[in-house]
Each structure stands twice: as C-alpha cells, then as structure tokens.
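Here are my notes for your first look through this model. Keep the 3D view open as you read, and take the points one at a time.

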Amino acid sequence: MQSIVIVGGGVAGLELATRLGRKLGPRHKERVVLIDTAPTHFWKPLLHEVAAGIIDPASHTIDYARQAIDNHFSFVCGEVVQIDRARRTLTVRSRFDDMAASHTTLAYGRLVLAYGSVTNFFGIPGAQQHCMALDSVNGAEAFRKRFLGLCEAAGRRRLADAMAPNMQAEVAPAPLDIVIVGAGPTGIELAADLRQTVDTLAHYGLSGLAAPQQVRIRIVERGPQVLPSLDVEASSLALRKLEAMGIEICTGTAVAEVREDEVATVDGRVFPAAITVWAAGVKGPDFSTHLNVLLNRSNQLLVDARMRSLSDPEVYALGDCCALQNPDKSAIAPPSAQAARQQAIYLAGLLTHAQPESLPGFKYRDYGTLVSLGRGDAVGVLRRAIGKHNLRVKGTFALAMYGLTYQRHVMGHLGPVRMAGNVLARWFRSKMLMPVRWH
C-alpha cells in the first residue's frame with residue numbers, strides 16, 4: 001500500500017487520519033502520517049469563545065499523539081516548509097528549532113493537503129497591519145488579552161477621574177469602541193460573546209467600567225444582510241436580537257481603509273476603533289503559491305470531484321485550502337467545518353476502496369447553519385429537516401443543536417465515554433472558576 005501523508009490536523013485532516021487508521025488497522029500504522037505544527041487539535045468554530053474568554057482552549061483540545069496511538073496512524077509535529085512533487089517528498093521543520101537535526105524529509109505515495117485557511121484582507125489599505133484576526137488559538141488569545149487590558153485601562157481612567165480632588169462635575173466615561181468587519185457567523189458570534197463578557201465583567205466588578213454600555217460594539221458588513229447563509233427571516237431575527245443587546249449593525253457598508261484607531265468606509269463615515277477585528281473572508285495560505293499547482297484567486301487549490309489537484313493526481317486537498325467548483329466556477333462547497341468533514345469522509349472511502357475509479361465524485365450536502373448569540377440563545381436553519389422543507393430554529397433548542405454539533409465532533413474521535421467525561425470535567429471546573437477568563 002502507498003503511504004498517505006496528510007498535512008494539517010484541522011477538521012478535515014484529523015477526520016481523515018482517524019478514519020484511515022481505523023480502516024487499515026495497526027499493521028499499516030506507518031503508512032498513514034499526519035503532520036501539524038501544533039501538538040493538539042482545536043475546533044476552529046469555537047475560536048470566538050476563546051477570544052471572548054468564555055472557554056479555556058486547553059480544556060477543548062484533542063492530543064494528536066494520543067489520537068494517533070488509539071487510531072493506528074503516525075503523527076509528526078512540525079511545519080512543512082517544502083514539497084517536491086517530482087520526487088514525492090516533503091521537508092518538515094521541527095517545532096524545536098534548537099535541535100541539531102531540525103529538518104526531516106518524508107516520502108509519500110499520496111499527499112493530502114488540509115492545512116486550512118487564513119484571513120483574507122482583500123487588499124484593503126491598513127487592514128492587515130491594524131486588524132486582529134481569529135485564525136488560530138494564539139490569535140484568539142491575543143485578542144482576549146488585549147480586549148481585557150483595554151477594559152481594565154478604561155476602568156482605571158474612570159476611577160482616576162472620579163477621585164480627582166478638583167473634579168467639579170461628573171464626566172461621562174470615554175467609550176471603548178470595538179469594530180468587527182464581517183457579519184458572517186464568526187463576526188456575529190464574537191460580537192454576541194463580547195457583549196456577554198462585558199456584562200459579566202461589570203456584574204462582578206472586575207473591570208471598573210462605569211456600565212456595560214461603555215463598551216460599544218459595531219459590526220460593519222458590506223452585504224445587505226447579516227448571516228447571508230441564512231434565509232431573510234432568520235437573518236432578520238438575528239439582527240433584532242443583536243440590536244437588543246446594544247450591538248450596532250451597519251449593513252451595506254464597505255470598508256475603504258483601516259487605521260490604527262479608526263475604520264473609514266467607502267461612503268465617508270469614520271468609526272472609532274480601539275480594536276478592529278477582521279472576519280470578512282478567508283483564503284489559502286501563501287504556502288499554496290509555492291506548490292506550482294492550479295489555484296483560484298483566493299490561493300485555494302483547484303480540485304476535481306475526487307478531491308485531486310487539477311495539476312497532480314497524486315495530490316489531494318480538503319477543507320478551506322481547496323476549491324471544488326462547478327463548470328460556471330461557482331463554489332460547490334463553502335469553507336466550513338461541515339464541508340471539511342464531509343470531504344474527509346468521502347476521501348477516506350476513496351483511498352481505501354479496491355476500485356476507487358468506480359466511486360462517484362464528491363457531493364456536498366448542506367445540513368444547515370446554526371449561529372450562537374451568546375448566553376442561552378441561537379438561531380439557525382436546518383436544511384431539509386422535514387422532507388424537502390427547511391426548519392427554522394431559535395432559542396434554547398437551537399443552542400442545544402449548536403452544542404451537539406461540537407460534541408458529535410469530539411465523540412467521533414474520542415468515543416462517547418471520553419466525550420462525556422470531558423463534558424463532566426468542564427462542568428465541575430466551571431463551578432470553581434469565574435464565568436470569564438479575565439486573567
């Protein structure tokens with residue numbers, strides 16, 4: 001059997017490695033290799049909760065090495081720095097740069113690229129220099145620390161002004177402005193979680209803010225509605241709920257420039273911004289441009305219906321780093337965890353089939369979209385939930401479905417017993433800690 005090397009341990013990469021290992025068994029453990037720069041896997045749809053300090057990322061990870069042992073594949077922790085398609089080799093740099101032999105060359109029979117995506121700033125002046133992005137756990141943690149630091153600083157200034165001996169009249173506290181560019185699921189969920197975090201900080205007196213309203217959250221969206229993946233009615237419901245939280249929504253508003261402390265729009269408005277978060281789209285990493293394969297304008301590898309690169313039939317791609325297109329060049333599958341998992345399931349069956357050419361091509365099925373709106377609320381649409389009819393969901397039921405989506409992901413890798421153990425451990429831990437990671 002040819003060796004299969006998988007680059008990237010996100011939703012698609014880890015799903016594929018786990019399924020291949022389970023199907024092929026321990027005799028072929030060395031034939032399936034997963035490579036990732038991090039030692040643990042984190043489910044990216046939860047990054048907004050890390051950024052808002054609602055969850056501890058360390059308690060929501062899957063250890064790659066342990067997963068490899070339990071599911072009969074090999075794991076290499078390092079960064080792929082070069083791929084030689086002619087020799088079918090790749091070079092991996094160890095995450096421990098001080099090692100004498102920090103580079104390793106691995107041969108492959110079939111290569112699967114699943115290294116995800118990065119934020120697409122679309123060439124907007126100042127966006128890459130002045131915006132924060134939620135591409136990784138490190139990025140989300142950097143945002144959390146900066147946001148909490150600004151809240152604390154705003155609270156200290158208010159207290160200093162209030163205690164000044166020559167203060168004759170009460171001065172309105174200076175607002176702390178947060179601008180989020182993009183009203184897709186990431187931007188909406190981050191805004192709702194930040195409002196929840198500010199309310200919690202004010203309730204426990206941890207920030208010194210005069211009131212939760214001192215933090216102003218604004219979402220700037222180029223399109224005509226928030227959450228364009230939902231229908232108009234569900235989108236309108238989400239909009240009303242966000243506005244009820246005090247979050248300002250600016251649809252039909254394109255960003256012209258991002259500066260250090262403000263965001264300028266095409267229609268001439270200028271929004272103050274202590275922090276600007278860019279959540280308006282993704283693209284393939286720059287590493288893709290060095291592979292000498294066909295890419296689209298977003299640096300994504302173009303693949304056929306069997307997830308093979310159009311430039312090399314021995315190179316496959318999954319998830320956000322690839323694009324499977326219709327003849328009219330419209331995307332067949334969106335860059336989402338749902339699509340990545342379906343692609344991994346398909347490719348695992350293809351790579352282990354005795355006659356892979358007899359199998360049909362990949363077909364994406366959209367099961368719907370669920371979006372969290374903070375504590376105790378969510379909205380969404382379940383596609384074809386009742387025959388051919390869609391089901392619009394909201395409130396507690398939608399939030400439960402949202403939570404089950406993540407738990408199904410964990411259970412698929414760890415099994416029901418370990419998944420339930422993790423849930424119980426986090427529940428007990430939550431009873432001993434603050435609702436927000438404020439330190």
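**Notes on the strands, helices and cysteines**

1. Let's begin with a pair of residues that face each other: Val 7 stands opposite Leu 113 in S8. The two strands involved are S1 (residues 4–7) and S8 (residues 110–113), and they pair in the parallel sense over four bridges.

2. Stay with S8 for a moment, for S8 is also joined to strand S20 (residues 315–317). Three bridges link these two strands, and again they run parallel. To find the spot on screen, look for Val 112, which stands opposite Tyr 316 in S20. A general point helps when you view the side chains here: in a regular strand they alternate between the two faces of the sheet.

3. Before going further, please remember that this is a predicted model. How high is the mean pLDDT of the protein chain? The mean is 91, and 93% of the residues reach 70 or more. Among the elements of the chain, helix H5 (residues 137–163) has the lowest mean pLDDT, at 82. Strand S17 (residues 275–278) has the highest, at 98.

4. Next, find the open sheet of three strands, in the order S14-S15-S16 with antiparallel pairing. Which strands are at its edges? They are S14 (255–258) and S16 (270–272), each of which pairs on one side only. Neighbouring strands of this sheet are turned by 20° against each other on average, direction ignored.

5. Now zoom in on S14 and S15, which form a hairpin with three residues between them. Strand S15 covers residues 262–265, runs antiparallel to S14 and is joined to it by three bridges. Two facing pairs will help you trace the hairpin. Val 258 has Val 263 in S15 as its bridge partner, while Val 255 stands opposite Thr 265 in S15.

6. Thr 265 deserves a second look. This residue lies in strand S15, and is it buried or exposed? Thr 265 counts as buried because its relative accessibility is 5%, below the 20% cut-off. The side chain of Thr 265 also makes a polar contact of 2.4 Å with the side chain of Asp 267.

7. Helix H6 gives you a nice check to try yourself. H6 has 20 residues (185–204), and at 1.5 Å a residue it should span 28 Å. The C-alpha atoms at its ends are 29 Å apart, which agrees with that expectation. H6 is also mostly covered, with 14 of its 20 residues buried. Just after H6 comes Gly 205, which takes a positive phi of about 65°.

8. Positive phi values turn up in residues other than glycine too. Arg 88 has a phi near 55°, and its place is in the loop between strand S5 (74–84) and strand S6 (89–94). With a relative accessibility of 31%, Arg 88 counts as partly exposed. Phe 122 also has a positive phi, near 55°. You will find Phe 122 in the loop between strand S9 (118–119) and helix H4 (127–130).

9. How many disulfides does the structure hold? The count is zero. As a reminder, a disulfide is a covalent bond between the sulfur atoms of two cysteines. Why does Cys 131 not form one? The closest cysteine sulfur to that of Cys 131 is in Cys 250, and it is 15 Å away, so the two are too far apart for a bond. Looking from Cys 250, the closest cysteine sulfur is the one in Cys 131, at that 15 Å distance. Cys 131 counts as buried at 11% relative accessibility, and Cys 250 is buried as well, with a relative accessible area of 5%.

10. Finally, look at Leu 295, in the loop between strand S18 (282–283) and strand S19 (301–303). Leu 295 is partly exposed, with a relative accessible area of 25%. From Leu 295, try finding Trp 438: the two are 143 residues apart in sequence. In space, C-alpha to C-alpha, Leu 295 and Trp 438 are 42 Å apart.

Methods: Residues are numbered from 1 along each chain as its sequence is written. This is a predicted model: local features need pLDDT of at least 70, side-chain atom pairs count only at pLDDT 80 or more; totals for chains, interfaces and linings use all residues. Side-chain values use heavy atoms; hydrogens and water are left out. A disulfide is a pair of cysteine sulfur atoms within 2.5 Å. Buried means under 20% relative accessible area, exposed over 50%, partly exposed in between (1.4 Å probe, protein chains only). The expected span of a helix is 1.5 Å times one less than its number of residues. Two strands pair if DSSP finds at least two bridges between them. Axes are lines fitted to C-alpha atoms, for helices over the stretch in contact, and angles run from 0 to 180 degrees between N-to-C directions. pLDDT is the predictor's confidence in each residue, from 0 to 100. A polar contact is a pair of N or O atoms within 3.5 Å; within protein, one must be able to donate a hydrogen and the other to accept it, and residues adjacent in sequence count only if both atoms are side-chain atoms.
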